[in-house]
Amino acid sequence: MSARVAFPGGAGAHSAAAAEALFPGEELLALPTFRAVADEVELGHVEHGVLPIENSIAGPVSETHDLLFESPLGIVAQTILPIRHLLAGPAEIPLDEVRMIRSHPHALEQCRNLIARLRNAVAVAAATTAEAARAVSAEGDPTQVAITSLRAVELYDLTVLEHDVGDHPEAFTRFVAITTYLQMQRDSSAGYRTSFSFVTDHRPGALHRALEPFARLDVDLHQLTSRPIPHTPWRYRFDAVLAGHPLDPHVRQALAEAMAQTRRLLVSGVYPE
């Protein structure tokens, strides 16, 4: 019996391709938003969800980071996909006549040069790149276009106005599989990543004291990003990814020492690299 896997957007979303890569042959469920995916996983209506968490150009996907911190969900797998952005609309049109560009905020962030060129157009955020394509197709107004994927262009019968509109020719997005538990079993032949979040005291040197054990114990931090804490202006939490598994002795010791130096430390994912 196949397990259901949720992802945000329609069949044309980049997340759909990631879900297929992570769970080949499983039943896929398209949902409208990132939060809807997290909610369905938390409620047990689907076994896994797939969300983008980091782009090689635009950086961390804040919404995914926040959903993981706010929920009891954990990361159990990841995949990295190359991302190609297309500019597409209902019909061929000179680019200087475009008045609206729809896409997900992260895609808009990755296409700054294009948006700067289209001086008469306003950028409008969509829940996903696939939703942007669907909305543009439904409106049928040639002056409204979308930054989206080739899959979405084909799905919604759009016309490609320009290929490869990202600011950089090679961009990649890291997608994660989330579920209601952490997968602590490990294959000794595989490398692992551990993601975690922590909150420090608001005093000088607090961040240094939290990070010092990782440097001293030779634990490599692959990512460290800060996110504001709601209802506490100018206070932040930190999300990080380290190389290793929590059961590795040096990783276990580093996490324990960091926990002693922080107000809160939460491991949110353990997965093969």
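**View 1. The largest pocket holds about 230 Å³ of space.** In this predicted model, 13 residues line the largest pocket. Closest to the pocket centre are His 14, Arg 84, Ser 149, Leu 150 and Arg 151. Three elements give two or more residues to the lining of this pocket: helix H1 (14–22), strand S5 (74–82) and helix H7 (150–155). By class, the pocket lining has seven nonpolar, four polar and two charged residues.

**View 2. The largest cavity encloses about 230 Å³.** A search of the whole structure finds two cavities of 30 Å³ or more. The largest cavity has a lining of 18 residues. His 14, Pro 52, His 104, His 106 and Thr 129 lie nearest the centre of this cavity. His 14 is also among the residues closest to the centre of the largest pocket. At least two lining residues of the largest cavity come from each of H1, strand S3 (48–55), helix H4 (105–110) and strand S11 (172–179). H4 gives the most, with three residues. The lining of the largest cavity has eight nonpolar residues, 10 polar residues and no charged residues.

**View 3. The second largest cavity encloses about 110 Å³.** Its lining is made of 14 residues. Nearest the centre of the second largest cavity are His 65, Leu 68, Ser 197, Asp 239 and Ser 268. Helix H3 (62–70), strand S12 (192–199), S14 and strand S15 (264–272) each give two or more residues to this lining. Eight of the lining residues are nonpolar, five are polar and one is charged.

**View 4. Asp 239 sits in strand S14 (residues 236–243).** Asp 239 has a relative accessible area of 4%. Asp 239 therefore counts as buried, since the cut-off is under 20%. Asp 239 is one of the residues nearest the centre of the second largest cavity.

**View 5. The side chain of Asp 239 makes polar contacts with the side chains of His 65 and Arg 237.** The contact between Asp 239 and His 65 spans 3.0 Å. The contact between Asp 239 and Arg 237 spans 2.9 Å. His 65, like Asp 239, is listed among the residues nearest the centre of the second largest cavity.

**View 6. Asp 239 touches residues beyond four places away in sequence.** These partners are His 65, Phe 196, Ser 197, Gln 223, Leu 224, Thr 225 and Arg 227. Two of these names, His 65 and Ser 197, also appear among the residues nearest the centre of the second largest cavity.

Notes: Residues numbered from 1 in each chain as written. Predicted model: local features only at pLDDT ≥ 70, side-chain atom pairs only at ≥ 80, totals over all residues. Heavy atoms only, no water. Helix = DSSP H or I, 4+ residues; strand = E, 2+ residues; numbered from the N terminus. Buried < 20%, exposed > 50% of the residue type's maximum accessible area, 1.4 Å probe, protein only. Polar contact = N/O pair within 3.5 Å; in protein donor to acceptor, adjacent residues only side chain to side chain. Contact = heavy atoms within 4.5 Å. 1 Å grid on protein atoms, 1.4 Å probe; cavity = no way out; pocket = protein on both sides within 12 Å on 5 of 7 lines; lining within 4 Å. Points joined across faces, edges and corners; volume = space filled by probe spheres on them. Nonpolar A, V, L, I, M, F, W, Y, C, P; charged D, E, K, R; others polar.
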